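Reader: I am new to this structure. Please take me closely through one part of it, the surroundings of the ligand, and then show me how that part fits into the rest.

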Amino acid sequence: MSLGKRAIILGGSVAGMCAAGAVADFFDEVLVLERDIIPDDAEHRRGVPQSKHPHFLLNSGRRAMGELFPGYEESLIDAGALHMMPSLAAAHCEGSVWVPRKEAPMTMVYASRLLIERTLRQKLAQVPNVRVEEAVTVAGLECADGGRPDGRVTGVWAVGLDGGREKQLIEADLVVDTLGRGSAVSDWLVAAGWPQAPVQSLDAGVTYVSQWFQKPAELPDSWWWAQMSVMPTADTGPHPIEHDFLCQIFPIEGDRVLVTMGSWGHPMPRKEDEFIETVHKVRAPAFGRAVELCEPISQVFVTKSTGNRRRRYDTLENPPGGLVVVGDAVCGFNPFYAQGMSSASKCAVLLRDKLSTATNVDSTFSKDYFASQRQLLDDIWTLALARDQGYENAEGTDIAPRWRQRLANRVSWPLFNHISATTREDAVVAQHFADVFNLDESVTTMVKSPRVLAGLAWHAVKRATNRTKLPLGSDLRQDPPSDIWRDGERHPAGQALAIPRGTAQEEFATVSVAARG
Ligand SMILES: Cc1cc2nc3c(=O)[nH]c(=O)nc-3n(C[C@H](O)[C@H](O)[C@H](O)COP(=O)(O)OP(=O)(O)OC[C@H]3O[C@@H](n4cnc5c(N)ncnc54)[C@H](O)[C@@H]3O)c2cc1C
């Protein structure tokens, strides 16, 4: 059923394209207005500077994108993305060890943010009633009866349509704000008579630095892995600042890797020579050795645009009819947990589902949408803040009291590492953990589950009494071992390929071991 003549999507990035796919069935025409000219090939653009940094696409996001654009995942893989099981494909250093490799419930698709976005764009181009207008700047909203119960957004002011320089008004029955963190929509609404949507924030001063590299054509035997991650140390005593860094060698299409280091509040290297110096100070020397083998193909990119920030449209008594907000424009997260694209695509699916039972898109519709979106975002927000609230330097409305900061600071890494170790021996805890990480279960549900609590306690007992099935890990000063553990037995890496054909695991194990080159 048509809910109107035209829906306008403000912004054509991940949230914008997902929103366009979500509303296409319900309006005669969908117009996406994007300020950038979007190149066909893989190039960074001004409006999405974060494309220079690694983007993990969580399973729930991958599924949501697939719901909106059937075949999305297959197209992404066809275009060169790598489908792998991180527990097999990654050399992962946590606590003070390389953790043992083994199969686990979670798989991931690794690709550059550029490819994730380009594949979405190709899918969107196949939706007949969607038109993307590039080089068009959204400059304001046209509204009627601002702030009143029946007030609504009726159109969008845009500059650049048909190459013109004048502001033009385009009427719309529904406007979706996906302009990202810098969206001015809430200010435009205030100017039109609505109260300011309250803003919640917590910025723990996270800085990401990334550089792109080509992998060497010949890999040494020690490089069996596809991804390498070195988590911040759990040591609360004095230590070099580099031990607090979160470090990644993140595989993407085209035999390339993104080397990234992130920290909470520390100064980070910005020049190429400092970058290389710093990778050698990472607490696992294999990290620096691997980077040294690669060929740099970009400069060092730096971002501090990582604070958690949420605009609470759900608290407005009478939100404007004809408007919803999706993506970073409503809620941006510290990228550490990789939630942004997945929460945006989940919110787009929610929008599609709400539209499918709606009879119009008035203020009541917006209120209902924002209320349901709130439930979805609350869980993700709680997870995003859990660690950031432990930092004294954090700024914003959601700073924790000092006692909670100290507690979070002391226990969060050891607790995270303990949960992670338990997942390697307890399939039930592993499934909960994978579901929480992938935004399929709330962290509160997981930590309140008696089964999970019992699993964590039992694993603590096993560790204390040396009864774990797997070793706790191996020396991080050595190369990460390639052996795979199954049923408490150690197998040389090759044997992991003997998983029966037709099971998903076989594919992932093959890819992970094939990462030798
Ligand atoms: C360093 C970093 C790492 C990240 N890592 C991950 C990760 O691992 N996994 C993950 O899921 N997420 C990650 N994210 C978050 C992710 O990038 C965003 O959540 C995601 O891109 C959704 O963004 P969006 O579409 O809402 O906004 P954006 O991507 O910011 O897009 C906004 C769009 O609006 C356009 N625009 C802006 N103003 C105007 C205007 N006036 N007129 C017209 N167009 C306009 C811009 O050009 C742009 O195309 C990361 C973010 C950062 C900063």
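**Around the ligand**

Author: Helix 9 gives the largest share of the shell around the ligand, with 4 residues. This is a predicted model. The whole shell counts 36 residues. The closest of them are Gly 11, Gly 47, Gly 180, Gly 327 and Gly 340. Three elements give two or more residues to this shell: helix 1 (14-23), strand 8 (137-144) and helix 9 (340-356). By class, the shell holds 14 nonpolar, 18 polar and 4 charged residues.

Take strand 8 next. This strand belongs to an open sheet of 3 strands, in the order 8-9-10. The pairing is antiparallel. Strand 8 and strand 10 (167-171) are the edge strands, and each pairs on one side only. On average, neighbouring strands of this sheet are turned by 30° against each other, with direction ignored. Strands of a sheet pair through backbone hydrogen bonds, either parallel or antiparallel. Here 7 bridges join strand 8 to strand 9 (residues 152-159), and these two run antiparallel. One residue pair shows the register: Thr 137 stands opposite Val 159 in strand 9.

Ala 139 is also found in strand 8. How buried or exposed is Ala 139? Ala 139 counts as partly exposed, because 15 C-beta neighbours lie inside 10 Å. A buried residue would need 20 or more. Leave aside the neighbours within four places in sequence, and Ala 139 is in contact with Trp 157, Ala 158, Val 159 and Lys 167. Val 159 has appeared before, as the residue opposite Thr 137. For a sense of scale, compare Ala 139 with Ile 252. They are 113 residues apart in sequence and 36 Å apart in space, C-alpha to C-alpha.

Now go back to helix 9 and follow the chain onward. A loop lies between helix 9 and helix 10, and Ala 358 has its place there. With 17 C-beta neighbours inside 10 Å, Ala 358 counts as partly exposed. What does Ala 358 touch, not counting residues up to four places away in sequence? The answer is Leu 3 and Phe 365. Leu 3 is 355 residues away from Ala 358 in sequence, yet the two are 8.0 Å apart in space, C-alpha to C-alpha.

Past the loop comes helix 10 (residues 363-388), which lies across strand 12, strand 18 and strand 20. The helix runs at about 150° to strand 18. Those strands form another open sheet of 3 strands, ordered 12-18-20, with antiparallel pairing. Strand 12 (199-202) and strand 20 (331-332) stand at the edges. Each has a single partner strand, so one side of each is left without a neighbour in the sheet. Strand 12 and strand 18 (residues 308-311) are joined by 4 bridges and run antiparallel. In that pairing, Val 199 has Arg 311 as its bridge partner in strand 18.

Last, step back to the whole protein. There are 15 helices and 23 strands. The radius of gyration is 24 Å, close to the 24 Å that the globule rule gives for 517 residues, so the protein is as compact as a globular protein of that length. Along the principal axes, the C-alpha atoms fill a box of roughly 70 × 50 × 45 Å. Of the 517 residues, 47% count as buried. Among contacts between residues at least 6 apart in sequence, 73% join residues at least 24 apart.

Conventions: Residues are numbered from 1 along each chain as its sequence is written. This is a predicted model: local features need pLDDT of at least 70, side-chain atom pairs count only at pLDDT 80 or more; totals for chains, interfaces and linings use all residues. The radius of gyration is taken over C-alpha atoms; the globule rule is 2.2 Å times the number of residues to the power 0.38. A residue is buried if 20 or more other C-beta atoms lie within 10 Å of its own, exposed if 12 or fewer, and partly exposed in between; C-beta atoms are placed from the backbone. Two residues are in contact if their C-beta atoms, placed from the backbone, lie within 7 Å. Two strands pair if DSSP finds at least two bridges between them. Axes are lines fitted to C-alpha atoms, for helices over the stretch in contact, and angles run from 0 to 180 degrees between N-to-C directions. A residue is near a molecule or strand if its C-beta atom, placed from the backbone, lies within 6 Å of it. Ala, Val, Leu, Ile, Met, Phe, Trp, Tyr, Cys and Pro count as nonpolar, Asp, Glu, Lys and Arg as charged, and the others, Gly among them, as polar.
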